[in-house]
Amino acid sequence: LRQSLEANKGELTKKVSELSKEKDVLARKLSEATSELASVKASKEAETSALQRKLDAAVADRKALEAQLGTASEEKKALEKAKEEEVARVKGSFEQLAAGLKAEIAAGEIQLTQLKGKLTVNMVDRILFDSGESTVKPDGRKVLNNIAKVLKGVADKDIRIEGHTDNVPIGGELKNRFATNWELSTARATAVARFLQDSAKLEPARLVATGYGEYRPVAPNDKPENKALNRRIEIVLVPKE
């Protein structure tokens, strides 16, 4: 019996040892699994935190864009309103000029154009100057005074006076005064600017005089009536620089 008990004791001791080893293995696996679970949990939390930060940033960007869109929309409305007011002012100036220059317009001596907020008064040269001259004649002064009445009311624009000629070269005694059409066109534009300053009392800082000679024709220089169209003075209302 003692021998049998000793034998059973040995087997039990062996099983206890094996079970103890299995317990250690299981404990190690449990520890590893717990560590892995903690790592995965930490990774998920970090990933969730990163996603939340991205979401918060996206929301902030959206709010900023909405604010910019709102500002842009208000600016667009303001620009549209300013444009409408500008068009209305130019239209009013156009109508005033048309009313004050009915006879000249009817006679084909003056043309008014209104395009993209820019108002242009196109005058054939004979209404302002005698042939080959750069001094504004009396009838021309009357016309310029009528134009100046309207120009005084458009204070937010500069006034560009452009001189133009046909392509007939300067010749004879006139060449002693004007070497080319450049000089003639510039002298005439300057004479109009001086009249608007001295007689019509327009602010000189708003006046610009320039001569284009024969190089910006509105019609081919192939017949007398077209050449007459090219000999002109244009007064253009342009945005202030």
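Hi everyone, let's start in the middle of the sheet: strand 3 and strand 5 run antiparallel and are joined by eight bridges. Strands here are DSSP runs of E with at least two residues, helices are runs of H or I with at least four, and both are numbered from the N terminus. Two strands count as paired if DSSP finds at least two bridges between them.

A quick word on where this comes from. This is a predicted model, where local features need pLDDT of at least 70 and side-chain atom pairs count only at pLDDT 80 or more, while totals for chains, interfaces and linings use all residues. Residues are numbered from 1 along each chain as its sequence is written, and side-chain values use heavy atoms, with hydrogens and water left out.

Back to strand 3 (157-164). One bridge to find on your screen pairs Arg160 with Val236 in strand 5. Strand 3 also runs parallel to strand 4, with five bridges joining them, and Glu162 stands opposite Thr210 in strand 4. Between these two strands the chain passes through helix 4, making a right-handed β-α-β crossover. Right-handed means that, with the strands pointing away from you, the path from the first strand over the helix to the second runs clockwise.

Is strand 3 enclosed or open? Seven of its eight residues are buried, so strand 3 is largely enclosed by the rest of the structure. Buried means under 20% relative accessible area, exposed means over 50%, and partly exposed lies in between, using a 1.4 Å probe and protein chains only.

Now the whole sheet. It is open, has five strands in the order 1-2-5-3-4, and its pairing is mixed. Strand 1 and strand 4 (207-211) each have a single partner strand, so they form the edges and one side of each lacks a neighbour in the sheet. On average, neighbouring strands are turned by 20 degrees against each other, direction ignored. Helix 4 packs on this sheet, touching strand 3, strand 4 and strand 5, and its direction makes about 165 degrees with that of strand 4. For such angles, axes are lines fitted to C-alpha atoms, for helices over the stretch in contact, and values run from 0 to 180 degrees between N-to-C directions.

Over at the other edge, strand 1 and strand 2 run antiparallel with six bridges. There, Gln111 stands opposite Asn122 in strand 2. Asn122 is buried, because its relative accessibility is 14%. Its side chain makes a polar contact with the side chain of Glu234, at 3.3 Å. A polar contact is a pair of N or O atoms within 3.5 Å; within protein, one must be able to donate a hydrogen and the other to accept it, and residues adjacent in sequence count only if both atoms are side-chain atoms.

What about the core? The largest nonpolar core has 32 residues, and those touching the most other members are Met123, Leu144, Ile147, Ile161, Val192, Leu196 and Ile235. Such a core is a set of buried Ala, Val, Leu, Ile, Met, Phe, Trp, Tyr and Cys residues joined through side-chain atoms within 4.5 Å. Not counting residues up to four places away in sequence, Ile161 touches residues including Ala189, Val192, Leu207 and Ile235; contact means heavy atoms within 4.5 Å.

Last stop: Lys201, in the loop between helix 4 and strand 4. Lys201 is exposed, with a relative accessible area of 62%. Its phi is near 60 degrees, a positive value in a residue other than glycine. Thanks for listening!
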